[in-house]
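Biologist: I'd like a close look at one part of this model rather than a quick tour. Could you pull it up so that we can talk it through?

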Number of protein chains: 2
Amino acid sequence: MTDKTVSIDIKKDLFGANEEAAAITADIFKKHGIRSVDIMGSVGTGKTELIEGLCEILSKKYRILMLAGDLATTIDADRVASHGVDTVQINTRTACHLDARMIQLALKDVDLSKYQLVFIENVGNLICPAGYSLGVEKKIVVVSITEGPYMIRKHPLTIKRSDMVVINKIDLAEVLSFDVDALVSDIREVDERLPVFKVSAKTGIGLTELVDALGL
Amino acid sequence: MTDKTVSIDIKKDLFGANEEAAAITADIFKKHGIRSVDIMGSVGTGKTELIEGLCEILSKKYRILMLAGDLATTIDADRVASHGVDTVQINTRTACHLDARMIQLALKDVDLSKYQLVFIENVGNLICPAGYSLGVEKKIVVVSITEGPYMIRKHPLTIKRSDMVVINKIDLAEVLSFDVDALVSDIREVDERLPVFKVSAKTGIGLTELVDALGL
């Protein structure tokens, strides 16, 4: 190292800046009395279908805004918009997760006084989104029984960083001979008290229990 | 910026170092006459089951080494080892992909003269592993019809950076009413000539075609 070289702690710098931005968003949501939920999970676990189901139940009670994170396309935002919900699509291009600054940018031109509830659908990825606070009240991780039996044991940090787990596509458990109890045991190994919901976003199973647990 | 501050291009630095390490691994494989394949894809798409199926076919012809990348556990390496194949588990802890230096580290104490074929199973993630060369001959991306219909359109860069696409769990297409032709069309939109294989790693459908295409 020469005296011209300055060493920087990249990880601390990046995460520190994110936490600051997240805290600002949290304050803005609080000021407007907005409830907020970040929904993360791997590709195709049914995050969009879950948000669609929740919007069907909640759109009479709340004015909802949905932010959709994807590398490309507006497919997810379009699907949720078809339920009469306002949406903003965030295309991350190459980024594997949403961060708090992207949320700030997406909300910059939004009149937040119009909304009472914000759903954020994170980029489809069971790893990276767990490390980034977005300034929301609750972080839900969605896993699907079509992902096979090991996704919990392989991703304990993601589970630890979540406030709730949704096991989705529960309607396929029988045809896929999937042991749901074993999956719940794996979650219990990581966190004894983490709320777990057995859901089929497609058929509606378990959605009202999830809404109740969110206090919505 | 003060005259004590040096600006560094983090992205270029990281990716440049990775390319250098990958080139060294490629040379080492070449020197030993080792064929090599990197298999990437999201959580639960059946990467391990695919490697198990390929090992069943190929272990009479080649001495195989399998490197398994996961944040935690040795589940995947143990499964492949049960087929009489030597394995090395790489636990990345928090890292969302394998990189070329992890592969170098994993191979450091391995006697490569013992092997003729290396399979690398990347961390379960459809985004990040695509950006990192590992010094292998072919990069295969595995998608599964249980991931829903949009994973190709949402991840064009991953498809572009792959040498082949395996559409796995093809045996479930009927029960899930999945339109496989539409998925192939999505791949064709990104790359007209990319080899695509319809596979069920579970039942063995399509495996010999994949082996032939790999020239193994």
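How many bridges join β6(B) to strand β7 of chain B, and do the two run parallel or antiparallel? Take that strand as your starting point and then show me what surrounds it.

Modeller: Keep in mind that this is a predicted model. To your question: three bridges link β6(B) with strand β7 (residues 196–198) of chain B, and the two strands run parallel. If you want one pair to click on, B:Val166 sits opposite B:Phe197 in β7(B). The route between these strands goes over a helix: β6(B), helix α7 (residues 180–190) of chain B and β7(B) form a β-α-β unit that is right-handed.

β6(B) has another partner too. Strand β5 (residues 138–144) of chain B pairs with β6(B) over five bridges, again in the parallel sense. Here the pair to look at is B:Val143, whose bridge partner in β6(B) is B:Ile167. As a general point for reading any such sheet, side chains in a regular strand alternate between its two faces.

Now for how enclosed the strand is. Strand β6 of chain B covers residues 164–168, and four of those five residues are buried, so the rest of the structure largely encloses it.

The corresponding stretch of chain A gives a couple of good residues for seeing what packing looks like up close. Start with A:Ser144, which belongs to strand β5 (residues 138–144) of chain A. A:Ser144 has 28 other C-beta atoms within 10 Å; the cut-off for buried is 20 or more, so this serine counts as buried. Leaving aside residues up to four places away in sequence, A:Ser144 touches A:Thr45, A:Gly46, A:Asn168 and A:Lys169. There is a long reach in sequence here as well: A:Ser144 and A:Gly41 are 103 residues apart along the chain, yet their C-alpha atoms are 8.8 Å apart in space.

Then go to A:Ile187, in helix α7 (residues 180–190) of chain A. A:Ile187 is buried, with 21 C-beta neighbours inside 10 Å. Its contacts, not counting residues up to four places away in sequence, are A:Ile152, A:Ile159, A:Val165, A:Leu194 and A:Val196. A:Arg153 is another one to find: its C-alpha atom is separated from that of A:Ile187 by 7.9 Å, with their positions 34 residues apart along the chain.

Step back and the whole of chain A fits that picture. Chain A has eight helices and seven strands. Its radius of gyration is 18 Å, close to the 17 Å that the globule rule gives for 216 residues, so chain A is as compact as a globular protein of that length. Of those 216 residues, 44% count as buried. Among contacts in chain A with a separation of 6 or more, 74% are between residues 24 or more positions apart.

Back in chain B, there is another crossover worth a look. Strand β2 (residues 64–70) and strand β3 (residues 86–91) of chain B run parallel and are joined by six bridges. B:Leu67 stands opposite B:Val88 in β3(B). From β2(B) the chain passes through helix α3 (residues 75–81) of chain B to reach β3(B), and this β-α-β crossover is right-handed. Past β3 of chain B, in the loop that leads to α4 (100–107), you'll find B:Arg93. This arginine has a positive phi, near 60°, in a residue other than glycine, and with 8 C-beta neighbours inside 10 Å it counts as exposed.

Last, how the two chains meet. The contact takes 30 residues from chain A and 30 residues from chain B. On the chain A side, α5 (151–154) and α6 (156–160) are the elements that give two or more residues. The largest share, three residues, comes from α5(A). By type, the chain A side divides into 15 nonpolar, ten polar and five charged residues. A turn of 180° with a shift of 0.0 Å along the axis lays chain A on chain B with an RMSD of 0.0 Å. That is the relation of a two-fold axis. Also, 100% of the interface residues of chain A are interface residues in chain B, so the copies meet through the same surface.

Methods: Residues are numbered from 1 along each chain as its sequence is written. Chains are lettered from A and ligands numbered from 1 in the order in which they are written. This is a predicted model: local features need pLDDT of at least 70, side-chain atom pairs count only at pLDDT 80 or more; totals for chains, interfaces and linings use all residues. Helices (H or I, at least four residues) and strands (E, at least two) are DSSP runs, numbered from the N terminus. The radius of gyration is taken over C-alpha atoms; the globule rule is 2.2 Å times the number of residues to the power 0.38. A residue is buried if 20 or more other C-beta atoms lie within 10 Å of its own, exposed if 12 or fewer, and partly exposed in between; C-beta atoms are placed from the backbone. Two residues are in contact if their C-beta atoms, placed from the backbone, lie within 7 Å. Two strands pair if DSSP finds at least two bridges between them. A crossover is right-handed if, with the strands pointing away from the viewer, the path from the first strand over the helix to the second runs clockwise. Ala, Val, Leu, Ile, Met, Phe, Trp, Tyr, Cys and Pro count as nonpolar, Asp, Glu, Lys and Arg as charged, and the others, Gly among them, as polar. Copies are superposed by least squares on the C-alpha atoms of residues with pLDDT of at least 70 in both.
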